[in-house]
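Morning, everyone. One chain today, and I'll keep it brief. Let me put it on the screen.

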Amino acid sequence: MRPRASGIWPRDAPFQYPKGVCRSQDVSGVIVSLDKWIVLLGGMSAVAWLNWHFFAAARRRVSARPTAADVQEAVVVVRGGYNPSEIRVRAGHPVRLIFDRQETASCSEEVVLSAFGIRKMLPANERTTVEIAAPARGRYDITCGMSMLHGTLVVE
Ligand SMILES: [Cu+2]
């Protein structure tokens, strides 16, 4: 029989773990925590992926390929921006930029390379070629007519 009224464990006291028992061994608690971790990690990777998709991927750069005629050619997809947004070419050699406009949004209907005096309409869902004879070294802006979309032609 249990000793009564010892004063150590009054009947009305709330339940307490005996000393020395680690509460983290409570299995149901661990399972709930794991669930929360999975949800949290899933959410975090979704956010990370979105950031990568919209920011890092949008900043992809590319070097123009020289063709047989020594023309450095690059295709730039125009859809909510310029992709790649940075095109690298060698100075002193002709450059051909092929703008592949895959949208009808009016913002991108015109492309401007002001440093070369180029301003050209890009018909929707068509490829439009812009040629630059022999650019000098430098970084040149590629923008839409309203200067909202931005790309860079890097000549080195
Ligand atoms: Cu625009």
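Start at Ile 87. Setting aside neighbours within four places in sequence, Ile 87 is in contact with Val 62, Ala 64, Ala 74, Val 76, Leu 97, Leu 153 and Val 154. Keep in mind that this is a predicted model.

Where does Ile 87 sit? It lies in strand β5, residues 86-89. Ile 87 is also among the residues with the most contacts inside the largest nonpolar core. The others named there are Val 76, Val 89, Phe 99 and Leu 153. That core has 17 residues. Which elements supply two or more of them? β3 (72-78), β5, β6 (95-101), β7 (110-113), β10 and β11. β6 gives the most, with 3 residues. As background, nonpolar side chains in soluble globular proteins tend to be buried together.

Now the sheet. It is open, with 6 strands and mixed pairing. The order is β1-β5-β11-β10-β7-β8. β1 (61-63) and β8 (118-121) are the edges. Each has a single partner strand, so one side of each has no neighbour in the sheet. On average, neighbouring strands are turned by 20 degrees against each other, direction ignored.

Let's walk across from β1. β1 and β5 run parallel, joined by 3 bridges. Ser 63 has Arg 88 in β5 as its bridge partner. Next step: β5 to β11. That pairing is parallel too, over 4 bridges. Here Arg 88 stands opposite Val 154 in β11. Then comes β10, residues 138-144, which pairs with β11 in the antiparallel sense over 6 bridges. Val 154 turns up again, as the bridge partner of Arg 139.

β10 and β11 form a hairpin, with 5 residues between them. Look at Ser 147 in the turn: its phi is positive, about 60 degrees.

Stay on β11, residues 150-155. Which side chains point to the buried face? Gly 151, Leu 153 and Val 155. His 150, Thr 152 and Val 154 point to the other face and are not buried. So take the two β11 residues that touch Ile 87, Leu 153 and Val 154: Leu 153 is buried, while Val 154 is not.

Last, the whole chain. There are 1 helix and 11 strands. The helix comes ahead of the strands in sequence. Buried residues make up 15% of the 156. Take contacts between residues at least 6 apart in sequence: 51% of them join residues at least 24 apart.

That's the tour. Questions, please.

Notes: Residues are numbered from 1 along each chain as its sequence is written. This is a predicted model: local features need pLDDT of at least 70, side-chain atom pairs count only at pLDDT 80 or more; totals for chains, interfaces and linings use all residues. Two strands pair if DSSP finds at least two bridges between them. Axes are lines fitted to C-alpha atoms, for helices over the stretch in contact, and angles run from 0 to 180 degrees between N-to-C directions. A residue is buried if 20 or more other C-beta atoms lie within 10 Å of its own, exposed if 12 or fewer, and partly exposed in between; C-beta atoms are placed from the backbone. A nonpolar core is a set of buried Ala, Val, Leu, Ile, Met, Phe, Trp, Tyr and Cys residues joined through C-beta atoms within 7 Å. Two residues are in contact if their C-beta atoms, placed from the backbone, lie within 7 Å.
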